[in-house]
Amino acid sequence: MEGPPAPGNGDISLHNFSVRLWEQLVHFHVMRLTDSLFLWVGATPNLRNLAVAMCNRYDSIPVSTSLLGDTSDTTSNCLAQRLARKTKKQVFVSYNLQNTDSNFMLLIENRIKEEMEAFPEKF
């Protein structure tokens with residue numbers, strides 16, 4: 001006979017944070033599910049694209065694909081791959097900013113990493 005579920009088991013955790021980068025206010029929305037993570041990044045409430053990535057036992061690079069939006073914009077895919085590798089979870093990413101400059105993307109990733117270190121239970 002099974003006992004009651006452990007606290008937090010199967011719960012959905014929501015976490016929001018924002019940062020000003022290069023004079024632009026960037027919002028982050030994280031939804032942690034049981035074995036996956038959804039990350040939305042944007043300045044306005046849009047969902048222009050969506051990508052998913054997950055680790056696999058055959059390759060050290062997580063496999064990823066675009067689910068929604070322009071397939072020539074690989075920003076969401078790349079970010080999903082890096083987060084899947086770090087978290088070992090299936091990761092959905094929706095990156096909704098016009099700026100895809102590599103230096104700007106590094107700032108975005110560093111801000112996500114800071115938040116992951118400060119609130120690991122949210123990821």
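## Report on a predicted model

D73 is found in the loop between β5 (59–68) and α1. The model in which this loop appears is predicted. At 30% relative accessibility, D73 counts as partly exposed, because that value falls between the cut-offs of 20% for buried and 50% for exposed. The side chain of D73 makes a polar contact of 2.7 Å with the side chain of T75. Leaving out residues up to four places away in sequence, D73 touches N49 and T100. T100 stands 27 residues from D73 along the chain, and the C-alpha atoms of the two are separated by 9.0 Å.

**Overall fold**

The protein contains 2 helices and 6 strands. In sequence order these elements follow the pattern β-β-β-β-β-α-β-α. The C-alpha trace spans about 55 × 35 × 25 Å along its principal axes. The radius of gyration is 15 Å, which agrees with the value near 14 Å for a compact globule of 123 residues.

Of the contacts with a separation of 6 or more, 55% are between residues 24 or more positions apart. Buried residues make up 37% of the 123 residues. The accessible surface comes to about 7400 Å², and carbon and sulfur atoms account for 54% of that surface. The protein carries 12 positive and 13 negative side chains, and the centres of the two sets lie 2 Å apart.

**Accessibility of four residues**

The table lists the residues treated in this report.

| Residue | Relative accessible area | Class |
|---|---|---|
| F28 | 2% | buried |
| S13 | 8% | buried |
| T87 | 18% | buried |
| D73 | 30% | partly exposed |

**Strands β1 and β2**

S13 is found in strand β1, which covers residues 13–21. With a relative accessible area of 8%, S13 is buried, because the value is under 20%. Apart from residues up to four places away in sequence, S13 touches V30, M31, R32, E121 and K122.

F28 lies in strand β2, made up of residues 24–32. F28 counts as buried at 2% relative accessibility. When neighbours within four places in sequence are set aside, the contacts of F28 include H15, N16, F17, S18 and V19. F28 is also in contact with L39, W40 and V41, and with I108, R111 and I112. I61 is 33 residues from F28 along the chain, and 25 Å separates their C-alpha atoms.

**Helix α1**

T87 lies in helix α1, which covers residues 75–87. Is T87 buried or exposed? T87 is buried, because its relative accessible area of 18% is under the 20% cut-off. A polar atom of the T87 side chain lies 2.8 Å from the backbone oxygen of L83. Not counting residues up to four places away in sequence, T87 touches L37 and M116.

**Side-chain polar atoms in brief**

Two short distances involve the residues described here. For D73, the partner is the side chain of T75, at 2.7 Å. For T87, the partner is the backbone oxygen of L83, at 2.8 Å.

Note on methods: Residues numbered from 1 in each chain as written. Predicted model: local features only at pLDDT ≥ 70, side-chain atom pairs only at ≥ 80, totals over all residues. Heavy atoms only, no water. Helix = DSSP H or I, 4+ residues; strand = E, 2+ residues; numbered from the N terminus. Buried < 20%, exposed > 50% of the residue type's maximum accessible area, 1.4 Å probe, protein only. Polar contact = N/O pair within 3.5 Å; in protein donor to acceptor, adjacent residues only side chain to side chain. Contact = heavy atoms within 4.5 Å. Rg over C-alpha atoms; globule rule 2.2 N^0.38 Å. Areas by Shrake-Rupley, 256 points an atom, 1.4 Å probe, with all protein chains shown as cover. Lys, Arg positive; Asp, Glu negative; His and termini not counted. Charge placed at Lys NZ, Arg CZ, Asp CG, Glu CD.
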